[in-house]
Amino acid sequence: MRKNTDAILVSRTDSIGDVVLTLPLCSWLKAHFPNRKIIFLCRNYTAAVVSSYRAVDKVLTLEELTNNNEVERAEFFNSISTVIHVFPNKQIAKWAKIYRVPERIGTSHRFFHWWTCNQKVNFTRKNSSLHEAQLNFFLLQPLGCTTIPLLETIGNYFADFQPQSCPVPEEWQFLAATTFYILHPKSQGSALEWPIEKYIEVAKKLAEQNIHVIFSGTKNEGEAFRAAIPQHPFIHDASGAFSLDQFIQVISWSKGLLACSTGPYHLAGMLGKRAVGIFSSRRPIHPGRWQSPGKNATALVFDLNCARCSKGESCLCLLSIDATTALQALLNV
């Protein structure tokens, strides 16, 4: 028997940047349905981000849900009245239907949503001129969202991101009282990447001004660029040094972050830091779709009117963005 509940489940089980750009939905839902419980379904590795968002009442990970037995899973879905499939996941959609969640919202462009969802929203992401964060709001139409918010409004929702203070390893605690910038060269394959040599050029220019620089990334990513990092008292290799919640703390201490279109760039933007993203102008990976809506975030492209990019052809024109331009954007000069 279904419980008497008004809980809304927002399902987004992919990467950090995508989760960041979905969280504003929860702010809208909390503002319009203050008495409904907002539950966010994500993966383990993004839970530290979601748990710091005050418009989310509960975080559930896909790993937890998958490991639940049938009775536990049925009990959970019986506590949900609405599920919003922001990131289509066939298994989650099947469960929501099997356990008879009353309102199941998904895009009409996924075949399996035609038999698992009873509210199908017709919109396309690939060729849209709207930002990814704006596109997510189409899925709120069955709940009364009649106007897609401006990016400025979405950026204002980021005020709901309020991470708690998190202890970092002792060797990195000096950062709390240090002026520093973060350079994040890799993207785990999620974006076109700027060459490590250019990040190093930026690092050297900052170090010349007695400004500390932190190179960040996973342990495996660090192995790809660690040997190239110059030995300098103001340049530090922090790849593999932090858990995600610790990294969020470090970003909050920083002056800003330089990266391509990847999760840390969006975290810095959500924290209100100077977040500079290196982008291609090619659709659908252009900044119009993926730039951080954060109030101090910006995006760099080499040529907004690049002929190859405008045709959707493979193009590496972003490699032509020079280190001085990136440095000036980072310093906001």
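# Exercises on pockets, rings and strands

The lining of the second largest pocket divides into six nonpolar, four polar and seven charged residues. The model behind these exercises is predicted.

**Exercise 1. Describe the second largest pocket by volume and by the residues closest to its centre.**

Step 1: take the volume. The second largest pocket holds about 330 Å³ of space.

Step 2: take the lining. It consists of 17 residues. Val86, Phe87, Pro88, Arg110 and Arg125 are the closest to the centre.

Step 3: add the classes. Seven of the lining residues are charged, six nonpolar and four polar.

**Exercise 2. Describe the largest pocket, and find which helix gives the largest share of its lining.**

Step 1: the volume is about 770 Å³.

Step 2: 37 residues line this pocket. Ser187, Gln188, Thr262, Gly263 and Pro264 lie nearest its centre.

Step 3: look at the helices. At least two lining residues come from each of α1 (16-20), α12 (244-253) and α13 (263-270). Helix α13 gives the largest share, with four residues.

Step 4: sort the lining by class. There are 18 nonpolar residues, 16 polar and three charged.

**Exercise 3. Classify the ring pair of Phe77 and Trp95, and place both residues in the fold.**

Step 1: recall what is needed. Two aromatic rings are described by the distance of their centres and the angle of their planes.

Step 2: count the pairs. The whole structure has 12 aromatic pairs.

Step 3: apply the geometry. The ring centres of Phe77 and Trp95 are 6.5 Å apart and the planes meet at 50°, so this pair is tilted. The stacked class needs planes under 30 degrees apart, and edge-to-face needs over 60.

Step 4: place the residues. Phe77 belongs to helix α5 (residues 70-77) and Trp95 to helix α6 (residues 90-98), so the pair ties together parts 18 residues apart in sequence.

Step 5: check burial. Phe77 has 0% relative accessibility and counts as buried. Trp95 is buried too, at 10%. The cut-off is under 20%.

Step 6: widen the view. Phe77 and Trp95 share one aromatic cluster with Phe76 and Tyr99.

**Exercise 4. Is the pair of Phe242 and Phe247 stacked or edge-to-face?**

Step 1: the centres are 6.4 Å apart, with 5° between the planes.

Step 2: the pair is therefore stacked, as planes under 30 degrees apart count as such.

Step 3: Phe242 and Phe247 are both buried.

**Exercise 5. Trace the surroundings of strand β10.**

Step 1: check cover. β10 spans residues 256-260, and five of its five residues are buried.

Step 2: split the faces. Side chains in a regular strand alternate between the two faces of the sheet. Gly256, Leu258 and Cys260 point one way from β10; Leu257 and Ala259 point the other way.

Step 3: find the neighbours. β10 runs parallel to strand β7 (residues 180-184), joined by four bridges. It also runs parallel to strand β11 (residues 274-278), joined by five bridges.

Step 4: name partners. His184 has Ala259 as its bridge partner in β10. Leu257 stands opposite Ala275 in β11.

**Exercise 6. Where is Phe123 found, and which residue lies over the face of Phe33?**

Step 1: Phe123 is in the loop between β6 (119-121) and α8 (132-136). Phe123 is buried, with a relative accessible area of 9%.

Step 2: compare with Gly240. This residue is 117 residues from Phe123 along the chain, and their C-alpha atoms are separated by 39 Å.

Step 3: turn to Phe33. Arg36 lies over the face of that ring, 5.4 Å from the ring centre.

Conventions
Residues numbered from 1 in each chain as written. Predicted model: local features only at pLDDT ≥ 70, side-chain atom pairs only at ≥ 80, totals over all residues. Heavy atoms only, no water. 1 Å grid on protein atoms, 1.4 Å probe; cavity = no way out; pocket = protein on both sides within 12 Å on 5 of 7 lines; lining within 4 Å. Points joined across faces, edges and corners; volume = space filled by probe spheres on them. Nonpolar A, V, L, I, M, F, W, Y, C, P; charged D, E, K, R; others polar. Phe/Tyr/Trp six-rings, centres within 6.5 Å; stacked < 30°, edge-to-face > 60°. Buried < 20%, exposed > 50% of the residue type's maximum accessible area, 1.4 Å probe, protein only. Lys NZ or Arg CZ within 6 Å of the ring centre and 35° of its normal. Pairing = 2+ DSSP bridges.
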